[in-house]
Amino acid sequence: MWFNFFSKKRKLDLDPSRAKATYALYDETRGYAHYTRQCQDAFRGNRHSKPSLLEQQGIEHLTILEEKNADDFLSQLPSVTQKAYSKPEMDYSEFLQIRDQGFLLQWFQKIFSTELTNKIRDYFGSEFLIYWHAFLKAQPADQPTRSFLWHCDKGPSSHLKILLYLNDFQEHQGNTIFLDRATTDKFAKIGYVFGPVKKRIEDLGELAKQNGMTFQAHSWEMQAGQGIIFEPAQVLHRGWLPSTGHRYVLVFCLLPSPMHWQVMFDRTNGEGFSSGYTWHEDAQKLWEEVQGQN
Ligand SMILES: O=C(O)CCC(=O)C(=O)O
Ligand SMILES: [Fe+2]
């Protein structure tokens, strides 16, 4: 109650130049736009379909696995999970560490079906790789912090994330809520996007009202096997804390690649390219790793 009172009154740190500067930092200074072009130049495939919802609005809801398969995945977990660890700043979530490369590959092949693979290729205009993946178990809680408050993820403007829900909304009441790219752009112009983590808010209504804006948030009652693919740097999003049970979500961070994701998966023994979920300072270094030069 008091918290809400103060958080509504809290002064926001708005800076309209910040979003452009952040995209420029990753795309230009750190070289991710050039990296993307190199991957596109290496691509020999064709477009598969008309522009997807993902391309049009920066977010698309999908059925990725059959419900039965999502259940199977969860029930096999105890035998392959090596360790669960949590970081204090990680929003009531535990990372479950799965090191069984065979298990992961078998499931990732199911998840990245021909249909999903083509959608991602169409989006990037190239092959893609799994930069990192994480398996998150969020526990019921009622005080949202960090990724459970409205934010965009810092990173190259065109990278993708997939959140694959492995148990039903009805089991936990947790969710993720999104704005589309065009609406997010309006909040970027007001100066909210990429502000300090401590200044993130739970409700954008007041800020929108002050700026004469209306907006529509998107969310779906996710069933096991359903997921969202989105541009985390370009669409505002926030998690919705589970309240009645654990929420299990498999997260993929995707980048363009000159070669098929599975080649890259093998190259990194299923670990991906990012240590600690952080970005390469210089995308050219990633290019060299992807080429097998170090
Ligand atoms: O946990 C959630 O629903 C949101 C996660 C999030 O912000 C992200 O994966 O970038
Ligand atoms: Fe996020």
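In this predicted model, Leu164 has a bridge partner in strand 9, and that partner is Leu250. The pair is one small piece of a longer match: strand 5 and strand 9 (residues 247–257) run antiparallel to each other and are joined over six bridges. As a general point, strands of a sheet pair through backbone hydrogen bonds, in either a parallel or an antiparallel way.

Zooming out, these two strands belong to an open sheet of seven strands, laid out in the order 1-7-5-9-4-3-2 with antiparallel pairing. At the edges sit strand 1 (59–63) and strand 2 (81–85), each of which pairs on one side only. Going from one strand to the next, the twist averages 25°. Helix 5 (residues 67–80) packs on this sheet, where it touches strand 2, strand 3 (93–98) and strand 9. The direction of helix 5 makes about 90° with that of strand 2.

Leu164 turns up again in the largest nonpolar core, which has 66 residues. Leu164 is among those with the most contacts inside this core, along with Leu129, Leu166, Val249 and Leu254. Val249 gives a feel for what such contacts look like: leaving out residues up to four places away in sequence, Val249 touches Leu136, Leu163, Leu164, Tyr165 and Leu166.

Next comes the ligand. Around ligand 1 are Ser147, Asp153, Lys161, Leu163, Thr176, Pro232, His237, Gly239 and Val251. Leu163 is thus both a neighbour of ligand 1 and a contact of Val249. Sorted by class, this shell holds three nonpolar, four polar and two charged residues. Strand 5 (160–165) and strand 8 (237–240) each supply at least two residues of the shell.

Finally, a couple of backbone oddities are worth a look. Most residues other than glycine have a negative phi. Arg146 goes the other way, with a positive phi of about 40° although it is not a glycine. Arg146 is found in the loop between strand 4 (127–138) and strand 5. Is Arg146 buried or partly exposed? Arg146 has 16 other C-beta atoms within 10 Å, so it counts as partly exposed. Phe194, also not a glycine, has a positive phi of about 70°. The loop that holds Phe194 lies between helix 9 (181–190) and helix 10 (205–210). With 19 other C-beta atoms within 10 Å, Phe194 is partly exposed, because a residue needs 20 or more to be buried.

Definitions and conventions: Residues are numbered from 1 along each chain as its sequence is written. Chains are lettered from A and ligands numbered from 1 in the order in which they are written. This is a predicted model: local features need pLDDT of at least 70, side-chain atom pairs count only at pLDDT 80 or more; totals for chains, interfaces and linings use all residues. A nonpolar core is a set of buried Ala, Val, Leu, Ile, Met, Phe, Trp, Tyr and Cys residues joined through C-beta atoms within 7 Å. A residue is buried if 20 or more other C-beta atoms lie within 10 Å of its own, exposed if 12 or fewer, and partly exposed in between; C-beta atoms are placed from the backbone. Two residues are in contact if their C-beta atoms, placed from the backbone, lie within 7 Å. A residue is near a molecule or strand if its C-beta atom, placed from the backbone, lies within 6 Å of it. Helices (H or I, at least four residues) and strands (E, at least two) are DSSP runs, numbered from the N terminus. Ala, Val, Leu, Ile, Met, Phe, Trp, Tyr, Cys and Pro count as nonpolar, Asp, Glu, Lys and Arg as charged, and the others, Gly among them, as polar. Two strands pair if DSSP finds at least two bridges between them. Axes are lines fitted to C-alpha atoms, for helices over the stretch in contact, and angles run from 0 to 180 degrees between N-to-C directions.
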